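Reader: I'm new to this one and would love a close look at a single part. Could you pick a place to start and walk me through it slowly?

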Amino acid sequence: MSWRKVTFIIVALIILLGGSAALSLMFVSMKPEPPRMPDHTMKRFVKTETVAYTDIVSPLSREGRVVSSNEVMLVAEASGKILSGQAPLRKGASFRKGQLLASIYSDEVELSIKARKSHYLTTLSTLLPDIKVDFPDRYERFLNFFNSIEMDKKLPDLPEIADEKLKIFLASRSVISEYYGIQQDEKRLERHSLYAPFNGTIAQVNFEVGAYVNAGSSIAKLIRTDELEVEVPVENHQSKWIKIGDKVEVYSRNNDIAKPGVVVRKSDFVEPSSQSRSIFVKVNNNTGEELYTGEYKRVVFPGQVIEKSMEIPRS
């Protein structure tokens with residue numbers, strides 16, 4: 001192929017491409033320009049409030065476990081067979097303060113006291129004529145004392161002995177020593193009866209009615225139910241704001257107000273595992289929603305007072 005033909009072909013291609021480009025630019029220029037959206041300035045709105053400084057109390061909420069304010073062991077002070085009392089000696093049984101929970105067999109002790117009183121009456125009866133002759137001003141008192149002694153009741157008060165000769169006379173006849181000896185036996189008899197020291201329930205029973213116990217044996221565990229405490233663990237750095245006597249609110253887990261309470265104790269040590277101190281809140285269980293030992297409650301403490309401050313929402 002000659003160079004003239006090659007030159008012709010190249011020139012033709014350049015003309016063809018240039019024409020295509022010119023036509024494209026012409027068509028693009030004929031397309032109408034799209035409308036432009038006007039520029040809008042974004043406005044941001046901020047809620048404001050006038051600054052007002054006051055003293056704000058920052059409350060502290062923690063969960064704690066309900067415990068009894070009194071937990072004691074019912075211990076036998078005498079040996080013998082356990083007899084039933086006014087309240088059943090069974091786990092979960094409730095009792096009132098002053099009720100007879102149980103008694104230890106005491107017939108032998110009662111008979112021994114009666115025999116000793118009988119001997120004491122015999123001694124007094126032999127001394128009354130001598131008192132009437134030698135101490136006529138004291139005779140009436142000792143006669144009334146003699147007549148008021150009963151076998152099934154405690155000894156009455158011994159008449160006052162101010163006269164030195166009368167004291168020597170009575171001491172030589174063992175009237176004074178025998179009187180206090182009988183009182184000692186009466187105190188020993190009282191140890192055979194076990195009475196409730198408070199309103200509560202029996203949490204544990206080690207010996208039931210009919211069992212034989214020795215002196216010092218733990219018969220049952222008693223817990224108080226009318227006065228309870230909530231033991232609340234609080235971080236050591238937060239516990240310094242809580243004071244003994246602070247009024248608190250005790251809530252159940254569904255956030256209903258259960259009872260008011262008051263801080264009665266703060267532990268003087270920190271638990272190594274949790275680095276917290278135990279705060280004890282006393283709650284009266286006689287009014288409002290009943291509390292039970294072992295359940296958990298949420299306690300809201302008044303907390304720290306922040307002076308000259310203002311509270312704003314976190315958002």
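Author: Sure, let's start with an open sheet: its 4 strands come in the order 6-5-3-8, with antiparallel pairing. Strands here are DSSP runs of E with at least two residues, helices are runs of H or I with at least four, and both are numbered from the N terminus. Two strands pair if DSSP finds at least two bridges between them. At the edges sit strand 6 (193-195) and strand 8 (212-213), and each pairs on one side only.

Before going on, a word on what you're looking at: this is a predicted model, where local features need pLDDT of at least 70 and side-chain atom pairs count only at pLDDT 80 or more, while totals for chains, interfaces and linings use all residues. Residues are numbered from 1 along each chain as its sequence is written, and side-chain values use heavy atoms, with hydrogens and water left out.

Back to the sheet. Strand 5 (residues 100-104) is joined to strand 6 by 3 bridges, and the two run antiparallel. If you want a spot to find by eye, look for Ala-102, which stands opposite Leu-194 in strand 6.

Now have a look at helix 4, residues 164-172, where Leu-166, Phe-169 and Leu-170 are buried. Buried means under 20% relative accessible area, exposed means over 50%, and partly exposed is in between (1.4 Å probe, protein chains only). An α-helix has 3.6 residues a turn, so residues three or four places apart point the same way. Seen down the axis of helix 4, the buried residues fall within an arc of 95 degrees, so they line one face; that arc is taken from the directions from the helix axis to the C-beta atoms. Those buried residues pack against helix 2 (107-134), helix 3 (136-147) and helix 5 (175-190), with contact meaning heavy atoms within 4.5 Å. Turned away from the buried side is a face carrying Glu-164 and Ile-168, both exposed.

The two ends of helix 4 are worth a peek too. At its start, a side-chain oxygen of Asp-163 reaches to within 2.8 Å of the backbone nitrogen of Lys-165. After the helix comes Ser-174, in the loop between helix 4 and helix 5. Phi of Ser-174 is near 65 degrees, a positive value in a residue other than glycine. Ser-174 is partly exposed, with a relative accessible area of 38%.

Technical notes:
A polar contact is a pair of N or O atoms within 3.5 Å; within protein, one must be able to donate a hydrogen and the other to accept it, and residues adjacent in sequence count only if both atoms are side-chain atoms.
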